[in-house]
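Work through the exercises below with the coordinates open. Each task is followed by a solution in steps.

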Amino acid sequence: MTTRGVLYVHSAPRALCPHVEWAVADVLGGRVTLDWIRQPVAPGTWRSEFSWQGRPGTASRLASALRGWHLLRFEVTAEPCAGAEGERYSSTPDLGIFHAVTGIHGDILIPEDRLRAALGRAQRGEAELAGEVARLLGKPWDDELEPFRHAGEGAPVRWLHQVV
């Protein structure tokens with residue numbers, strides 16, 4: 001059983017780029033060389049993106065491998081496949097990491113218990129319901145990453161396959 005996904009490195013300092021490649025190579029089980037281009041939104045940083053293929057859970061392993069670097073902005077997606085939902089991970093230096101389950105059309109699927117918890121916080125006056133739902137949908141991450149996404153339109157994509 002395999003799934004496909006994309007890793008978007010939206011911004012990384014030049015010194016961090018080889019470390020990103022080594023971390024991705026470790027997860028995918030083979031040598032990885034990414035095509036890096038300058039990130040105009042954050043001068044002095046670089047961006048890259050590529051598609052991968054691997055076992056379900058590869059997106060989670062990629063996100064875990066990259067999440068410890070404070071200056072890195074990235075997203076990892078995985079398509080749903082037989083026996084596994086799709087996934088999306090987003091990470092920014094200020095917000096940390098966001099994870100969502102995605103359906104076959106890319107929609108975020110929010111688990112019932114997370115919706116109930118958000119509703120409970122809103123009913124107790126601890127938070128606004130609209131803000132809670134926005135956070136469950138990853139809006140703060142989308143707001144921060146959107147300029148970086150647009151800066152990457154037309155960027156080359158490299159297809160990588162996990163060695164099994």
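**Exercise 1.** Find the distance from the charged end of Arg14 to the centre of the ring of Trp46.

Solution. In this predicted model, the charged end of Arg14 lies over the Trp46 ring, 4.5 Å from its centre. A charge counts as sitting over a ring only within 6 Å of the centre and within 35 degrees of the ring normal.

**Exercise 2.** Check the length of helix 3 against a rise of 1.5 Å a residue.

Solution. Helix 3 covers residues 112–123, twelve residues. The expected span is 1.5 Å times one less than the number of residues, which gives 16 Å for helix 3. The end C-alpha atoms are 16 Å apart, so the two values agree. Just after the helix, Gly125 has a positive phi of about 80°.

**Exercise 3.** Describe the salt bridges of Glu112 and Arg121.

Solution. Glu112 pairs with Arg116, at 2.6 Å from N to O. The two residues are four apart in helix 3, and therefore separated by about one helical turn. Both Glu112 and Arg116 are exposed.

Arg121 pairs with Glu132, their closest N and O atoms being 2.5 Å apart. This pair links helix 3 to helix 4 (residues 129–136), across eleven residues. Arg121 has a relative accessible area of 29% and is partly exposed. Glu132, at 14%, is buried, because the cut-off for buried is under 20%.

**Exercise 4.** Place the salt bridge of Asp142 and Arg149 in its network.

Solution. The Asp142–Arg149 contact is 2.7 Å, N to O. Asp142 is partly exposed at 22% relative accessibility, and Arg149 is partly exposed at 22%. The network of salt bridges links these residues with Glu75, Arg88 and Glu146.

Methods:
Residues numbered from 1 in each chain as written. Predicted model: local features only at pLDDT ≥ 70, side-chain atom pairs only at ≥ 80, totals over all residues. Heavy atoms only, no water. Salt bridge = Lys/Arg side-chain N within 4 Å of Asp/Glu carboxyl O. Buried < 20%, exposed > 50% of the residue type's maximum accessible area, 1.4 Å probe, protein only.
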